[in-house]
Amino acid sequence: MLGEAIIKGMAVTAKNFAGSYVSKDRLPTIQYPEERQVLSEAVRNFPFLVYDGDDWEKGLRCVSCQICEKECPPKCIYIVKSKDKKPDYLGKPQLYPAIFDIDLSVCMSCGICAEVCPFEAIMMDQDFELSNADRFGGLLVNKEQLARSHDHHMRIRPSEAGPIEERRAAAQAKAKAAAEAKAKAAAGKPADGGD
Amino acid sequence: MSAVLDHPASPQGAEPSITPPQASGTPVFAVTPRAREDGGIGSDLLEVSMGPQHPSTHGVFRMDVVLDGEVVVKLKPVFGYLHRNHEKIAEGTSYLASMPYTDRLDYFCSMTNNWAYALTVERLAGLAVPERAEYLRVILAELTRLQNHASLCGFLLQDMGAMGTPLMYAFREREKIIDLFEAISGARMMCNFMRFGGCRCDAPRGWLQQAARVVDAYPAFLDEFETLLNENEIIMARTQGVGKVSAEQATGASLTGPILRASGVNYDVRKVDRYGIYDRFEFRVPLGDHGDTYDRYMMRVLESRESIRILQQALRDIPEGPIIDPKSKLRGFKPPVGECYGRIEAPKGELGFYLISDGSTNPFRYHVRPPSLINLTILEDMCVGHSVADSVIILGSIDIVLGEVDR
Amino acid sequence: METLEQIKARVEAAIPGAKLKVLTNDSPCAQHSLLLDPAHAVDVARFLRDDPKLRLDYVSNMAGVDWPDAVIKTKIKKRVEKDGQDVDVEETIESLRSGYLEAVYHVYSMALKHGPVILRLRTEDRLDRISVPSLTPVWRGAEFQEREAYDLYGIQFTGHPDLRRILMWDEFTDYPMRKDYVEPDDYEYEPTPHDDVVEKARRHYAPEAKP
């Protein structure tokens, strides 16, 4: 019969229309910003720099090795190395970035910087409310704006941050023990021993 | 008259009689008076530039069409509005840095793009892929196929004038798959997930179960979709016998993917090359009889059903284990000197990568074989003799993404 | 499928005057290729397509490659007499390879489901003798890709039915995929904080730089 299939199709539409009131499966719309989606842990947006402790400037993990700058596909990272060194979490003197800029208008959120970083210093954030009135200057962020504490990392991505924290804590404890042992040995010996 | 139409037609194309107008400059369209053979008043030939902003061209794509009344007598596709010289960019960066750029080729199917590139580099460098990574790749590629085919059917119906409804249903289902991509790779569309010799990370806890739930619920959606559309009289009238392609034409013009198989040519790279671990799964390759737009639509539905079979087998059999070859290096990756062509069956057709390595960190030559572009070779032959409205759905049934056509 | 040597022998027997050369590829995938001579390329292609044992009816991929002038270093082992003893010495010989453009075709058979056979065509140089015969009359699927190679590399395909620019606009004059291509200084005007893009853009937009 002509039109039979059209009537059948109408029945499907009616079922979906009525169903959208009862079944969440049929209506995935969310009333943003009142309602917010629960982001999955893997969600990545733009990079941030991790720091330990309370002072962002002291605690930045970045040693400005510039690997991320080299590997970044759209070349949106800009790093200038420092002249002096400061001790890292193990007490070893390391360089730090005098300038660390990321142009968010160029960044394509691929996450390669976080992947190649050997110091776990740069990670991918989940903050997506970044609209800015200044298209160039406002989206060029410096290291102060990029710095986030490791607590933030722990909060957004515990299964990635957890093992990192454990590893770092273990290394720190080991370094501390080694330093103490060294200090003890140095104290045991007269000062003229030297090296 | 634009310069485009002064060139002779393609070898197999129709040769209409057009006298180019003498007007200077490039008008948007031109009218050419044409007398009928019996001396009566004939219709005029009208050159229309469809696009690059036309909503039915699926992106910034232009078709220069010459119309006799409402019937297409000549058609030339014009490309390049989205050209960014992807290949040149890739020659200037490391192998790894090209991976996120491949996401942006066919931005609906970043997982299969990643796979094609990773596969080629693996062959170039002689890397092996661990079992679990192979399974993950198959799962992700078939999920990509499901969501690509669903949205294609939605867009095709949209082009036909079924405003919104089928597209919304398709996108609702696509959303569930996109959520799975987000949970595993961190991004909905620009996944950047595969690496040379495996995958970037393992599936998070519960992901495989969630994927199994989505896959198990998918046939119900397909049933609903088919009830809505398959026997619909309007769809049959609009698509059956429209844009026919014979098997010889299809092979000669290097068509690939569902639109090749709609013409009855049994060629699926998953079966022919058996790349990855596709030889372990039981699935059939659906073939069409007529090579018309209806067959091309049905091919997507039938392929989705086969993809579900593959997914169910893969999700059942996936083993535990590492997900990346330990020989694979993130930084300073240098494949040996040589060249390699690798290809996979992407949802839109055969996606290939051709790489030449000179032993340095950057590829010497990086070439993409884009299925969307090559499938358009035959667009003119498909459209000539049909109305403008039909040429829109013919283009829709080819399934192009301009990110891949223009690169 | 037959080996490339067998194909070469059969082609040379069937087409008088045709000269083919097998080029080896050292990469682990070992995809070796056949170098065709331009004079007989179309005939060879037609033979490969129509031969019942090969039936290579489907050109999957076609790519242009730019090989600029290069110094090729080859190491040879030599036996020299030194202090009255024969010693093996490795010697590096440098030779100049003049540049050329290359068109590479990856051809498969859809009917017999085998392949790829890789065909290569080379131009004589990179400047003015840059034409090779088009294989589009044999395999229509090469049409757009040959246009692309013409557009981006400047390879002139003689016999192509519709050789126009495909991705770049018609007024564009250079060939952007060539290795020695220099992009215009304002091709990327947005000031990214990185490398020389800012500098270039600044120079381009400086008031004194404008005429």
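1. A pocket, as the term is used here, is an open set of grid points where a 1.4 Å probe fits, with protein on both sides within 12 Å along at least five of seven lines. The model under discussion is predicted. Its second largest pocket holds about 1000 Å³ of space. The residues closest to the centre of this pocket are A:Arg157, A:Glu160, B:Arg200, B:Cys201 and B:Asp202, out of 35 that line it.

2. Elements of chain A and chain B contribute to this lining. Helix H4 (112-116), strand E6 (122-124) and helix H7 (158-188) of chain A, together with H5 of chain B, each give two or more residues to the second largest pocket. H7(A) provides the largest share, five residues. By class, the lining comprises 18 nonpolar, twelve charged and five polar residues.

3. Helix H5 of chain B covers residues 165-185, and its end C-alpha atoms lie 30 Å apart; this agrees with the 30 Å expected for 21 residues at 1.5 Å a residue. Of these 21 residues, 15 are buried, so H5(B) is largely enclosed by the rest of the structure. Burial here means under 20% relative accessible area. After H5(B) comes B:Gly186, with a positive phi near 95°.

4. The contact between chain B and chain C should also be noted. An area of about 4100 Å² is buried between chain B and chain C, and carbon and sulfur atoms give 56% of it. On the chain B side, B:Glu339, B:Tyr341 and B:Phe364 lose the most area to chain C, together accounting for 15% of what that side buries. The contact involves 53 residues from chain B and 45 residues from chain C.

Key
Residues numbered from 1 in each chain as written. Chains lettered and ligands numbered in written order. Predicted model: local features only at pLDDT ≥ 70, side-chain atom pairs only at ≥ 80, totals over all residues. Heavy atoms only, no water. Helix = DSSP H or I, 4+ residues; strand = E, 2+ residues; numbered from the N terminus. Expected span 1.5 Å × (residues − 1). Buried < 20%, exposed > 50% of the residue type's maximum accessible area, 1.4 Å probe, protein only. 1 Å grid on protein atoms, 1.4 Å probe; cavity = no way out; pocket = protein on both sides within 12 Å on 5 of 7 lines; lining within 4 Å. Points joined across faces, edges and corners; volume = space filled by probe spheres on them. Nonpolar A, V, L, I, M, F, W, Y, C, P; charged D, E, K, R; others polar. Contact = heavy atoms within 4.5 Å. Buried area = accessible area lost by both parts, 1.4 Å probe.
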